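Visitor: Could you take me through a single part of this model slowly, so that I can follow it from one residue to the next?

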Amino acid sequence: MTARVADKTAVVIGGASGIGWASAELLAKEGATVVIADIDADKAGDRAHELGGRARSRRVDVSDEESVRALFEDTANEVGSVDITLNCAGVNLPGLITELDAGSWQRTIDLCLTGAFLVMKHSARTMATGAAITSIASLNARQPAAGFAGYCAAKAGLTMLTQVAALELGARGIRVNAISPGLVETPLVQGLTSHPAIQTEFTDNTPLGRNGLPADIAEAVLYLSSDSASWVTGEILDINGGAHLRRYPDLMRHLADASDQPSH
Ligand code: NAD
């Protein structure tokens with residue numbers, strides 16, 4: 001069988017960990033030259049080394065426009081043009097609205113929404129017909145969660161941004177899509193998966209009855225990035241074991257219950 005993204009160059013932002021790393025591994029296995037771009041330059045370098053071959057690494061901070069611009073311009077100068085962009089950078093600084101400081105709200109919006117805008121902007125400038133941009137949104141783009149105001153608002157905004165970008169870039173043959181994962185076992189959500197009551201509620205609210213693995217999302221990234229999806233744009237793909245059919249766990253209640261327990 002032929003490699004599904006042979007001869008393509010893929011920039012994976014947030015590629016040093018979790019969903020980004022699993023996607024980078026799969027894209028490389030399927031023939032792409034992968035640039036691991038991450039704010040953690042050392043880890044990105046280690047990951048590129050692990051991939052071997054033509055893989056390379058680069059430090060980028062999606063909250064800094066100059067850094068994003070330079071990533072895409074330099075990569076395009078080195079390799080011709082960027083065919084695949086995957087944006088996995090994100091953060092969730094939680095807190096109830098009445099308690100949440102504006103700085104935490106802003107940081108979440110900066111990384112999850114404005115960062116995605118900057119990535120689309122500078123990525124698309126370097127792309128040619130046949131290219132694909134994919135962002136990682138979230139189940140929280142459609143399911144509200146108390147305590148996640150900034151994250152829910154940013155991810156919902158990202159899904160609309162994705163659709164606007166698909167409209168604007170369609171005429172140039174550039175496809176723009178997003179994936180909305182449910183709970184996926186990565187360092188980002190260790191605080192949730194290690195909390196037994198929270199984990200149980202996530203499982204109970206997932207028809208397929210398990211957490212996602214980074215590889216579950218990587219398969220969708222590969223599809224959307226490849227020519228198999230050449231007529232797919234403006235799509236928000238829910239990959240969550242069916243969790244969008246039920247309700248989001250009441251995380252704040254569990255955390256309040258935990259803090260009410262007497263300490264020993
Ligand atoms: P992760 O923490 O394992 O990986 C995130 C990567 O992004 C890290 O390597 C980190 O260094 C990098 N990063 C952070 N800030 C950055 C910045 N300013 N610029 C560039 N890189 C930066 O997390 P993950 O779980 O793989 O999450 C990836 C994406 O998936 C995020 O957007 C997250 O919101 C989204 N998501 C995750 C889950 C989940 O359950 N894990 C669910 C839904 C959505």
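Guide: A residue is called buried here when its relative accessible area is under 20%, and exposed when that area is over 50%. With this in mind, and remembering that the model is predicted, we can look closely at helix α2, which spans residues 41-51 and whose buried residues are Ala 44, Arg 47 and Ala 48. These three cover an arc of only 100° around the axis, which puts them on the same side of α2. The general rule behind such a pattern is that an α-helix has 3.6 residues a turn, so residues three or four places apart point the same way. On the face turned away from that buried side, α2 carries the exposed residues Asp 42, Asp 46, His 49 and Glu 50.

As for what lies over the buried residues of α2, the cover includes helix α1 (18-29) together with the strands β2 (33-38) and β3 (56-59). Just after the helix comes Gly 52, which takes a positive phi of about 70°.

The two covering strands lead us on to the sheet, which is open, has 7 strands paired in parallel, and follows the order β3-β2-β1-β4-β5-β6-β7. In this order β3 stands at one edge and β7 at the other, each with a single partner strand, so one side of each is left without a neighbour in the sheet. On average, neighbouring strands of the sheet are turned by 20° against each other, if direction is ignored. Helix α3 (residues 65-79) also packs on this sheet, where it touches β1, β2, β3 and β4, and its direction makes about 160° with that of β1.

Definitions and conventions: Residues are numbered from 1 along each chain as its sequence is written. This is a predicted model: local features need pLDDT of at least 70, side-chain atom pairs count only at pLDDT 80 or more; totals for chains, interfaces and linings use all residues. Side-chain values use heavy atoms; hydrogens and water are left out. Buried means under 20% relative accessible area, exposed over 50%, partly exposed in between (1.4 Å probe, protein chains only). Helices (H or I, at least four residues) and strands (E, at least two) are DSSP runs, numbered from the N terminus. The arc is that of the directions from the helix axis to the C-beta atoms. Contact means heavy atoms within 4.5 Å. Two strands pair if DSSP finds at least two bridges between them. Axes are lines fitted to C-alpha atoms, for helices over the stretch in contact, and angles run from 0 to 180 degrees between N-to-C directions.
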